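Work through the exercises below with the model open beside you. Each one sets a task and then gives a solution that goes step by step.

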Amino acid sequence: MEALLNYIDGELIAPASGEYLDNIEPATGEVYSKIPLSSEPDLEQAVAAAEAAFPAWSAMPQEQRSRLLIKLADAVEAASDQLAIAEARDNGKAVTFAKAVDSYRASANIRFFANACTQFSSESHGMGDVGVNYTLRDPVGIVGTISPWNFPLYLFTWKIAPALAAGNVVIAKPSEVTPMTAYLFSQICQQVGLPKGVLNILHGAGAQIGQAIVEHPRIKAISFTGGTATGKKLAATAAPMFKKLSLELGGKNPTLVFADCDFETTVKEVARAAFSNQGQICLCGSRIYVERSIYDRFKEAFVAEVERIKIGDPLDESTQHGALVSEAHMNKVLSYVQLALEEGGTLLTGGKRRILEGRCEQGYFVEPTVIEGLSLQCRTNQEEIFGPVCTLQPFDTDEEAVALANGTDYGLATSVWSSNVQRCHKLSKQLQFGIVWINSWLLRDLRTPFGGVKASGVGREGGEEALRFFTEPKNVCIKY
Ligand code: NAD
């Protein structure tokens with residue numbers, strides 16, 4: 001059975017502990033590879049390699065660094081089909097989705113920041129006849145990146161690309177639930193000749209190697225994407241050490257559907273927003289609020305649309321809805337369906353594990369599930385389920401829609417479906433979220449600030465926000 005390896009100082013090496021975790025294919029429930037269980041000695045080796053690589057990498061002319069990263073983006077793009085198949089196998093997501101979204105974005109992230117760093121400039125502040133200030137932006141040094149399982153390579157590269165482009169050296173930890181594409185990526189880094197030690201990839205358990213990365217005194221900044229509870233722990237460790245911290249956390253995103261929306265498009269897009277990637281996207285719209293005058297019509301069309309979603313083997317090109325990422329996660333999602341019923345909800349469709357025939361008969365498949373009849377306050381509507389479960393609820397006025405949307409601890413993303421331009425602008429101002437999509441969902445421009453408010457995170461990534469995070473500003477003040 002294949003044992004994955006860490007990537008330290010340009011070499012693929014086994015963990016110091018000699019221990020491994022099982023890597024399970026969610027569509028079959030079978031162990032298919034071994035994940036290095038990294039610990040402090042691996043981290044010390046990675047920190048030493050990163051420290052040695054930093055002077056040359058940070059001093060490299062920007063254009064040369066950019067060219068190397070473009071070469072890396074090209075190599076990832078050339079391997080995109082292979083990476084998508086690996087992602088589908090490792091995560092359970094449909095391969096067609098992995099090709100269109102995961103693989104595409106992995107190379108796009110690297111290409112984007114390879115170019116963006118050549119356009120990044122800093123400010124100067126004139127003081128009339130007295131003097132002038134200018135801001136220097138230097139790389140932070142060694143930075144740690146920690147990423148989740150829902151978009152394994154996509155979110156892994158979303159962090160390391162800006163960090164490297166800005167001249168930092170990186171110690172990256174992919175999720176132990178989905179390590180495969182980060183491992184394949186380390187082989188690609190070797191092929192393109194990324195200088196040794198510039199990027200180091202350590203696999204293993206979050207509480208062990210993840211925590212050790214956050215605690216390490218010579219790692220100066222942490223960019224984390226994952227759950228809110230983990231983010232809290234990370235902040236408690238990193239804040240007293242005065243580390244730079246970017247936290248991209250969970251969501252419980254509302255979708256607001258008004259009677260004047262483009263009905264057919266909205267039904268399709270709201271279903272896509274709820275169930276893409278089996279509902280395992282931090283941005284998925286899982287609380288759907290519909291203006292009362294169209295509630296019944298919308299409900300009927302929406303349930304019909306959801307029931308058309310094709311569940312199947314993730315490796316089958318016609319599959320739209322694959323397996324959930326793990327047995328534990330499937331059980332968590334199903335326990336929320338049970339909770340929703342106990343809280344008084346009515347199941348409109350789905351709600352069960354789906355048993356497939358053939359190679360996937362032990363897989364972790366859960367039907368797209370729609371529930372109505374629940375209040376805003378119940379746990380089903382307050383807690384992040386992160387699976388194929390959404391709720392429907394009617395509203396009467398714009399004010400009520402905003403109050404429902406803002407009524408959880410989370411504040412990552414929302415979408416508004418209406419043809420009334422004035423309402424869309426007004427609501428955008430009132431909605432307490434990092435991202436507001438109008439008549440769209442998951443339409444992304446990599447230059448825009450990305451992140452959430454409230455329990456959805458601290459800080460922004462994307463575009464110049466990421467390059468600012470991964471650099472340290474220094475003001476130089478000159479008196480004439
Ligand atoms: P998670 O918090 O369990 O794990 C995320 C990463 O943190 C993993 O690599 C894990 O190994 C590591 N980790 C765990 N404990 C750690 C510790 N004590 N110290 C350091 N690292 C530790 O999250 P998950 O289950 O992998 O991902 C799902 C969550 O991620 C959801 O809540 C989802 O909303 C969120 N998410 C947010 C965004 C965003 O951009 N805001 C994007 C994707 C996913």
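A polar contact is a pair of N or O atoms within 3.5 Å. The model used throughout is predicted, and the exercises start from the ligand.

**Exercise 1. Describe the polar surroundings of the ligand.**

Step 1. List the neighbours: there are 30 residues around the ligand, and those that come nearest are Ser-147, Glu-176, Thr-230, Leu-249 and Glu-384.

Step 2. Apply the cut-off to the backbone: a polar backbone atom of Gly-206 lies 3.5 Å from an oxygen atom of the ligand, while for a polar backbone atom of Gly-226 the distance to a ligand oxygen is 3.3 Å.

Step 3. Turn to a side chain: Lys-173 places a side-chain N or O atom 2.9 Å from an oxygen atom of the ligand.

**Exercise 2. Locate the two domains and describe the extent of their contact.**

Step 1. Take the bounds from the domain assignment, which gives domain 1 as 2-249 + 456-479 and domain 2 as 253-444.

Step 2. Relate the two: their centres, taken over C-alpha atoms, are separated by 30 Å, and the contact draws 28 residues from domain 1 and 29 residues from domain 2.

Step 3. Consider the area: the size of an interface is often given as the accessible area lost when the parts come together. Here domain 1 and domain 2 bury about 2300 Å² between them, with 55% of it on carbon and sulfur atoms. On the side of domain 1, the residues that lose the most area to domain 2 are Ala-27, Trp-149 and Ser-456, which together account for 23% of what that side buries.

**Exercise 3. Characterise the interactions across this interface and the side that domain 1 contributes.**

Step 1. Count the pairs: the rule finds 2 salt bridges across the interface of domain 1 and domain 2, and 12 residue pairs in polar contact there.

Step 2. Assign the side of domain 1 that touches domain 2 to its elements: strand E4 (20-25), helix H3 (80-91) and helix H4 (95-119) each supply at least two residues, and the largest share, 5 residues, comes from H4.

Step 3. Sort that side of domain 1 by class, which yields 13 nonpolar, 9 polar and 6 charged residues.

**Exercise 4. Explain what a salt bridge of Arg-111 links.**

Step 1. Search the whole structure, which contains 24 salt bridges.

Step 2. Select the pair of Arg-111 and Asp-74, whose closest N and O atoms are 2.8 Å apart.

Step 3. Place both partners: Arg-111 lies in helix H4 and Asp-74 in helix H2 (residues 62-78), so the salt bridge ties together parts that are 37 residues apart in sequence.

Notes: Residues numbered from 1 in each chain as written. Predicted model: local features only at pLDDT ≥ 70, side-chain atom pairs only at ≥ 80, totals over all residues. Heavy atoms only, no water. Domains from an automatic or database assignment. Contact = heavy atoms within 4.5 Å. Buried area = accessible area lost by both parts, 1.4 Å probe. Helix = DSSP H or I, 4+ residues; strand = E, 2+ residues; numbered from the N terminus. Nonpolar A, V, L, I, M, F, W, Y, C, P; charged D, E, K, R; others polar. Polar contact = N/O pair within 3.5 Å; in protein donor to acceptor, adjacent residues only side chain to side chain. Salt bridge = Lys/Arg side-chain N within 4 Å of Asp/Glu carboxyl O.
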